[in-house]
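Work through the exercises below with the sequence and coordinates open. Each task is followed by a solution in steps.

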Amino acid sequence: MSDKKPCVVCGTKLSSVNEDWKHMQPYGGGEIQLIFSFGSTKYDLNIGATTFRGVICDGCAEKMMINLEIMS
């Protein structure tokens, strides 16, 4: 099994369900993407859209759901 990755919110270490992190599928959590585009003065690195990836544990995701929109 590969190295654990920290939850982007609380730092809890999550293991991958696969042999590697290619698909960002942790046990007890999920992938999170932050997309910055026009308007960001710090994180829009390519002047159009910059996407950052990480993992989030189920507990932190549950607390954030009230503030998120479902895209698909």
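A disulfide is a pair of cysteine sulfur atoms within 2.5 Å. The model is predicted, so local features need pLDDT of at least 70 and side-chain atom pairs count only at pLDDT 80 or more, while totals for chains, interfaces and linings use all residues. Residues are numbered from 1 along each chain as its sequence is written, and side-chain values use heavy atoms, with hydrogens and water left out.

**Exercise 1. Disulfides**

Determine how many disulfides the structure holds.

Solution.
- Step 1: take cysteine 7. The closest cysteine sulfur to its own belongs to cysteine 10, at 3.8 Å, which is too far for a bond.
- Step 2: take cysteine 57. Its sulfur has the sulfur of cysteine 60 as closest cysteine sulfur, at 3.6 Å, again too far for a bond.
- Step 3: give the count. The structure holds zero disulfides.
- Step 4: add the burial (buried means under 20% relative accessible area, exposed over 50%, partly exposed in between, with a 1.4 Å probe and protein chains only). Cysteine 7 is buried at 4%, and cysteine 57 is buried at 10%.

**Exercise 2. The salt bridge**

Find which side chains meet in a salt bridge, using this criterion: a side-chain nitrogen of Lys or Arg within 4 Å of a carboxyl oxygen of Asp or Glu.

Solution.
- Step 1: search the pairs. The structure holds one salt bridge.
- Step 2: identify the partners. They are arginine 53 and glutamate 31, with an N to O distance of 2.7 Å.
- Step 3: place them in the chain. Arginine 53 lies in strand 4 (residues 49–57) and glutamate 31 in strand 3, so the pair links distant parts of the chain, 22 residues apart. Helices (H or I, at least four residues) and strands (E, at least two) are DSSP runs, numbered from the N terminus.
- Step 4: check exposure. Arginine 53 is partly exposed, with a relative accessible area of 47%, and glutamate 31 is partly exposed at 33%.

**Exercise 3. A backbone angle**

State where methionine 24 is found and what its phi is.

Solution.
- Step 1: recall the background. Most residues other than glycine have a negative phi.
- Step 2: read the angle. Methionine 24 is not a glycine, yet its phi is positive, about 50°.
- Step 3: locate the residue. Methionine 24 sits in the loop between strand 2 (13–14) and strand 3 (29–37).
- Step 4: check burial. Methionine 24 is buried, with a relative accessible area of 9%.

**Exercise 4. The whole chain**

Write down the order of helices and strands along the sequence.

Solution.
- Step 1: count the elements. The chain has one helix and four strands.
- Step 2: order them. The pattern is β-β-β-β-α.
- Step 3: add the burial total. Of the 72 residues in the chain, 21% are buried.
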